[in-house]
Amino acid sequence: MPPAKPPSAQRTTQGAAPAPSGHATPPPPWQDTPPVSARVIDAITRIGAVMRAGVWQAAASEHLPPVQADILDLLAARPEGVRLSWLATQLSVSPASASDSVTSLVGKGLVAKVKAADDGRAVALRLTPAGRKVQRKLTQALSFGQDAVAALPEADQAALFAQLLQLIAQLQHSAHFPALRSCPSCRHFRASTGAGPHHCTLVDAPLPVAWLRLDCPEHSPRDAAD
Ligand code: SF4
């Protein structure tokens with residue numbers, strides 16, 4: 001006999017939204033179970049909150065507000081430098097707010113303003129060696145999360161990663177997700193038709209799931225018509 005109040009009937013952070021069309025409503029006593037889609041988002045939100053708390057704790061020990069820790073993380077993957085406007089978009093903050101944070105990081109010697117490689121009149125932002133050192137410390141604060149993923153079977157890790165990339169690509173169709181240079185949203189990406197692995201046309205090489213890029217420097221966004 002199932003319990004009178006099944007654990008799965010607990011409300012998610014989004015509440016028990018009605019099941020989307022095409023999904024059967026569970027029979028009693030499970031009828032209050034939120035749709036799988038809501039529970040997936042709930043799980044991701046909870047993992048994100050735990051991970052962010054870990055980073056923020058590490059950032060506080062470096063006397064950095066969370067947004068400045070986020071800036072160091074974004075710059076770490078882009079040694080060529082980025083524009084302030086791009087940073088603001090990625091952080092979902094105003095250019096003025098991003099500018100204040102960057103000014104503080106420059107003052108701390110963690111970020112440098114240099115000439116942009118593609119336009120000598122424009123300014124690009126890069127990590128300084130000291131900034132890279134701090135960013136590495138912040139990344140280490142996430143090692144407990146990486147350890148938990150690494151404990152899963154390798155095939156499950158790859159499948160989970162591929163599904164998260166697909167979800168990100170889906171979210172990028174809306175205005176709620178900043179640009180990310182991941183394979184599924186790249187014009188060079190050819191999804192597997194089942195006979196073999198995915199393929200990257202840029203380097204004309206097979207691209208197994210375990211090697212998919214989350215943030216590829218060679219990424220080229222698809223056109224709406226692609
Ligand atoms: S260029 Fe980069 S992002 Fe695009 S498919 Fe190839 S590896 Fe993926």
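What pLDDT does the chain average, and what share of the residues score at least 70?

## Confidence of the model

This is a predicted model. The chain averages a pLDDT of 86, and 88% of the residues score at least 70. Residues 6-16 are an exception to keep in mind: pLDDT stays under 50 over this stretch. For residues 6-16 the model has 21 contacts beyond four places in sequence. Where pLDDT is low, the predicted coordinates should not be read in detail.

## Overall layout

The secondary structure of the chain consists of 7 helices and 5 strands. Read from the N terminus, the elements follow the order α-α-α-α-β-β-α-α-α-β-β-β.

The chain has 226 residues, and 16% of them are buried. Among contacts with a separation of 6 or more, 50% are between residues 24 or more positions apart.

## The N-terminal segment and helices α1 to α4

Pro-29 lies in the segment before α1, a helix that covers 36-61. The peptide bond from Pro-28 to Pro-29 is cis, and its omega is near 5°. Most peptide bonds are trans.

Ser-92 sits in the loop between α3 (84-91) and α4. Its phi is positive, about 55°, although Ser-92 is not a glycine. Ser-92 counts as exposed because it has 11 C-beta neighbours inside 10 Å, and a residue with 12 or fewer falls in that class.

Helix α4 spans residues 95-107 and includes Thr-103. Thr-103 has 12 C-beta neighbours inside 10 Å and therefore counts as exposed; the cut-off for exposed is 12 or fewer. The C-alpha atoms of Thr-103 and Lys-113 are 9.6 Å apart, with the two positions 10 residues apart in sequence numbering. Lys-113 falls within strand β1, which takes in residues 111-116.

## The β1-β2 hairpin

Strand β1 (residues 111-116) and strand β2 (residues 119-127) run antiparallel and are joined by 6 bridges. The two strands form a hairpin with 2 residues between them. Ala-116 has Asp-119 as its bridge partner in β2.

## The three-stranded sheet

Strands β3, β4 and β5 make an open sheet of 3 strands in the order β3-β4-β5, with antiparallel pairing. β3 (189-190) and β5 stand at the edges with a single partner strand each, so one side of each has no neighbour in the sheet.

β4 and β5 run antiparallel and are joined by 3 bridges. One bridge pairs His-198 with Leu-207 in β5. The loop between β4 (198-200) and β5 (205-207) contains Asp-204. Asp-204, a residue other than glycine, has a positive phi near 50°. Most residues other than glycine have a negative phi. Asp-204 is exposed because 8 other C-beta atoms lie within 10 Å.

## Surroundings of the ligand

Which residues surround the ligand? They are Arg-181, Cys-183, Cys-186, His-188, Phe-189, Cys-200, Leu-202, Arg-213, Cys-216, Glu-218 and His-219. By class, this shell has 6 nonpolar, 2 polar and 3 charged residues.

Some of the shell can be placed on the sheet described above. Phe-189 belongs to β3 (189-190). Cys-200 belongs to β4 (198-200), and Leu-202 falls in the loop between β4 and β5.

Definitions and conventions
Residues are numbered from 1 along each chain as its sequence is written. This is a predicted model: local features need pLDDT of at least 70, side-chain atom pairs count only at pLDDT 80 or more; totals for chains, interfaces and linings use all residues. A residue is near a molecule or strand if its C-beta atom, placed from the backbone, lies within 6 Å of it. Ala, Val, Leu, Ile, Met, Phe, Trp, Tyr, Cys and Pro count as nonpolar, Asp, Glu, Lys and Arg as charged, and the others, Gly among them, as polar. Helices (H or I, at least four residues) and strands (E, at least two) are DSSP runs, numbered from the N terminus. A residue is buried if 20 or more other C-beta atoms lie within 10 Å of its own, exposed if 12 or fewer, and partly exposed in between; C-beta atoms are placed from the backbone. Two residues are in contact if their C-beta atoms, placed from the backbone, lie within 7 Å. pLDDT is the predictor's confidence in each residue, from 0 to 100. Two strands pair if DSSP finds at least two bridges between them.
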